[in-house]
Amino acid sequence: IDSYMRYGALAAKVKALYGKRLRFSDFEHMAGLPNEQSILDYLRTQPGWSAAVSAALSAMNTSGYVGRMELEDALRLQVWKEYEGLNHFVPRPDKNLVAFPLRQAELLAILGTLRRLKSHGRVREGVLALPNLPFKVNRKALIACKDYNGLLAAVQGSIYYEPLLHIRPDNPDVLPDYTTTEALLRSTYFSHIYRIIYKSYSGETKSVLLKGMGERVDLLNIIHILRLKTYFPGDDQYYSALFPINYKLRPEKIKAMCDAADVSQVFAVLQDTPYAGRFTSLDVAGVEDCYRRSFYTFNKRQLVSGPPSIYTAVSYLNVKSTELKALVNVIESVKYGAHYDEDFARLVGE
C-alpha cells in the first residue's frame, strides 16, 4: 500500500508514456521508406515521438533543412523532455538515483571532449540544447576548453572531478590515455549508483536495483575480456579497464577469465558461473546480444509487471533510451544504407 501511495502517480505517468511506444510494425515500415523526410512524416503520426517531429519541423522552418543529425537531435531532446516531465513525479528522496541519465550524459560529454583534445580539434561534437536540468558538469565549457586543465575546470563539482584530477599528467601538454580514462569514468559512474542504492534503499526495491545494475556490470566485464582475447590477444591490460564491482561474477572467476589462454577457455570458466548457458553463441557477438536482450527484457518486465517503485521510472527511462537506439538505427539504415538490425527492432517493438 505504501508503494502505491508513494509511487502510484509516477507509475500511472510511466504507463501512459509507455503506451505510446513504437511497435515492430512501425520499425519495419520506416525501414522501407525512401529517405529521412519520409521517416519524419511517419513519426509525426506517432504520439510517442510527435513532439520531437514538431521540434524538427521548427528547425526546418528556421534553416530550411532537416538532415539526419537534426532529426536525431530532435529525438534525443524528446527523451530529455520526457525525463524532465517524469522527474516532477519522483519523490525527493529518490532524486539522486533518477539523476542517472544526467551522470551518463556528463560522462559522454567528458569523453567527447577528450577525443576532441586528442585529435587537436579534428573531432568535434556539438552540444544539444537541453531543458533546464541539474547538470554538475559545465557542458558548454567542455566544448570550449583548450586543454586538460580546462576540462578539469569544466567538471569541477561533479562526481568525475576527483578521478580526473588524480590522473592529470605532470606535463600540461600531455593527455591521459583514453582507454584508461574511459574505464575510470565508467567505474566512477557505476560506483556512484551502487553507493546510492546501498545507502538509500532496502528490501525488494534494493534487490531489483542491484540486479538491474549488477548483471549489466558483470556482462560488460565479460564483453571487455572477450574483446581483448579476440582482437588483441597479446594485450594483458585487463584489470585497468574492468569495473571493480561484482554481482554474480566472483573475483576469482574474473581472474580466471583474464588468465585464460583464449576465448574458448573464457567460456569454459563461464560454465561454472550463474551465466552458463546464457549466450546465443560462444563469441563476443553472442555475449553482446545477451547483454542487449537482458538489459531490455529485465527493464521491460519491471515496467510492465513490477509493483510501483522508483524502478518503475528507472526502467522506463532505460526502455525509452533503447527505443531511441533502435529508431536511430532505422534512420541510418535509410540514410546511409547501414545494416537495419531487424532482431533489435523486433526485441524493442514486441
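Below, a biologist asks a modeller how some labels on this predicted model were reached.

Biologist: What makes the space in this structure count as cavities, and how many are there?

Modeller: A cavity is a set of points where a 1.4 Å probe fits but cannot get out. Searching the whole structure gives three cavities of 30 Å³ or more. The largest cavity holds about 150 Å³ of space. Sixteen residues line this cavity, and Ile193, Met213, Tyr311, Val314 and Asn318 are the closest to its centre.

Biologist: Which helices supply at least two residues of that lining?

Modeller: They are α7 (100–118), α11 (178–200), α12 (203–231), α15 (284–305) and α16 (310–336). With four residues, α12 gives the most. By class, the lining of the largest cavity has eleven nonpolar residues, four polar and one charged.

Biologist: Why is the pair of tyrosine 194 and tyrosine 198 called tilted?

Modeller: Rings pair if their centres lie within 6.5 Å, and these two are 6.2 Å apart, centre to centre. Planes under 30 degrees apart count as stacked and over 60 as edge-to-face; the angle here is 35 degrees, so the pair is tilted. The structure has eight aromatic pairs.

Biologist: How are tyrosine 194 and tyrosine 198 placed in helix α11?

Modeller: Tyrosine 194 and tyrosine 198 are four residues apart in α11, so about one helical turn separates them.

Biologist: How do you know which of tyrosine 194 and tyrosine 198 is buried and which is partly exposed?

Modeller: Buried means under 20% relative accessible area; tyrosine 194 has 9%, so it is buried. Tyrosine 198 has 48%, and exposed means over 50%, so tyrosine 198 is partly exposed.

Biologist: What makes tyrosine 291 and phenylalanine 295 a stacked pair?

Modeller: Their ring centres are 6.3 Å apart, within the 6.5 Å cut-off, and their planes are at 15 degrees, which is under 30, so the pair is stacked. Tyrosine 291 and phenylalanine 295 also lie four residues apart in helix α15, about one helical turn. Both residues are buried.

Biologist: Why is arginine 21 said to sit over the ring of tyrosine 18?

Modeller: The charged end of arginine 21 is 4.0 Å from the ring centre of tyrosine 18. The distance cut-off is 6 Å, and the atom must also be within 35 degrees of the ring normal; arginine 21 is listed as sitting over the ring, so both conditions are met.

Biologist: Which residue lies over the face of phenylalanine 135?

Modeller: Arginine 139 does, at 5.2 Å from the ring centre. Phenylalanine 135 also belongs to one aromatic cluster with Trp80 and Tyr83.

Conventions:
Residues numbered from 1 in each chain as written. Predicted model: local features only at pLDDT ≥ 70, side-chain atom pairs only at ≥ 80, totals over all residues. Heavy atoms only, no water. 1 Å grid on protein atoms, 1.4 Å probe; cavity = no way out; pocket = protein on both sides within 12 Å on 5 of 7 lines; lining within 4 Å. Points joined across faces, edges and corners; volume = space filled by probe spheres on them. Nonpolar A, V, L, I, M, F, W, Y, C, P; charged D, E, K, R; others polar. Phe/Tyr/Trp six-rings, centres within 6.5 Å; stacked < 30°, edge-to-face > 60°. Buried < 20%, exposed > 50% of the residue type's maximum accessible area, 1.4 Å probe, protein only.
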